[in-house]
Amino acid sequence: MKVTKEDLENVAVLSRLSVPESKAETYIQQMDSILTYMDNLSKVDTENVKPTTYALPMQNVFREDVVKPSLPREAALANAPLQEDGYFKVPKVLED
C-alpha cells in the first residue's frame, strides 16, 4: 500500500492539522507503514473467533456494599491545606 502526498494532505485537512513540508515525507512513510500493518491484520484467519467487545472476560467488579466505620473527621481534615468549621475549604470557582 502506498500513501501519496495527496492522501496526507487530505488527512491533514480532515484532522485540521498543518503538516510542515519538511516532515511530509516522514509522515507519508509512517502512514504507509501503519496501513500496511493493518492490511496484514486483515489477512489473519478469524473464522472460528467469537466476536467480543472486550479483550478479557468480564466479571462483576463491584464489591458488596457493607456499612463500615468511616474515617474520623479530624483524621480526614488533618492534611487539608484549608479547613473551616470542620469542613474542607476550597477556593471559589464560580463567578458571580
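Two salt bridges are found in a search of the whole structure, a salt bridge being a side-chain nitrogen of Lys or Arg within 4 Å of a carboxyl oxygen of Asp or Glu. The structure is a predicted model, in which local features need pLDDT of at least 70 and side-chain atom pairs count only at pLDDT 80 or more, while totals for chains, interfaces and linings use all residues. Residues are numbered from 1 along each chain as its sequence is written, and side-chain values use heavy atoms, with hydrogens and water left out.

Side chains of opposite charge can pair when their charged atoms come close. One salt bridge joins E21 and K5, with the closest N and O atoms 2.4 Å apart. E21 lies in helix 2 and K5 in helix 1 (residues 5–14), so the pair ties together parts that are 16 residues apart in sequence. Helices (H or I, at least four residues) and strands (E, at least two) are DSSP runs, numbered from the N terminus. E21 is exposed, at 58% relative accessibility, whereas K5 is partly exposed, at 33%. The classes are buried (under 20% relative accessible area), exposed (over 50%) and partly exposed (in between), for a 1.4 Å probe and protein chains only. A salt bridge also links the side chains of E84 and K89, at 3.0 Å from N to O. Here E84 has a relative accessible area of 41% and is partly exposed; K89, at 43%, is partly exposed.

The largest nonpolar core consists of five residues, V3, L8, A24, I28 and M31. Such a core is a set of buried Ala, Val, Leu, Ile, Met, Phe, Trp, Tyr and Cys residues joined through side-chain atoms within 4.5 Å. Helix 2 (residues 21–41) supplies the largest share of this core, three residues. Contacts of I28 (heavy atoms within 4.5 Å) are made with K2, V3, T4, K5 and L8, when residues up to four places away in sequence are not counted. V3 and L8 are thus named both among the core residues and among the contacts of I28.

A nonpolar patch on the surface is formed by I34, L35, Y37, M38, L41 and V44, which together have about 580 Å² of accessible area. Patches are made of residues with over 30% relative accessible area and no salt bridge; like charges are joined within 9 Å, and nonpolar side chains (Val, Leu, Ile, Met, Phe, Trp, Tyr) within 5 Å. Accessible areas come from the Shrake-Rupley method with a 1.4 Å probe, and for residues only the protein chains shown count as cover. Within this patch, Y37 is found in helix 2 and is exposed, with a relative accessible area of 51%.

Most residues other than glycine have a negative phi. R16 has a positive phi, near 55 degrees; R16 lies in the loop between helix 1 and helix 2 and is exposed at 78% relative accessible area. Phi of D85 is positive as well, near 55 degrees. D85 belongs to the loop between strand 1 and strand 2 and, at 67% relative accessibility, is exposed.

N79 is located in the loop between helix 3 (73–77) and strand 1 (83–84) and is exposed, at 75% relative accessibility. The C-alpha atoms of N79 and V44 are separated by 55 Å, with these positions 35 residues apart along the chain counted as their spacing. L94, in the segment after strand 2 (87–88), is exposed at 66% relative accessible area. Its C-alpha atom is separated by 50 Å from that of K50, 44 residues apart along the chain.
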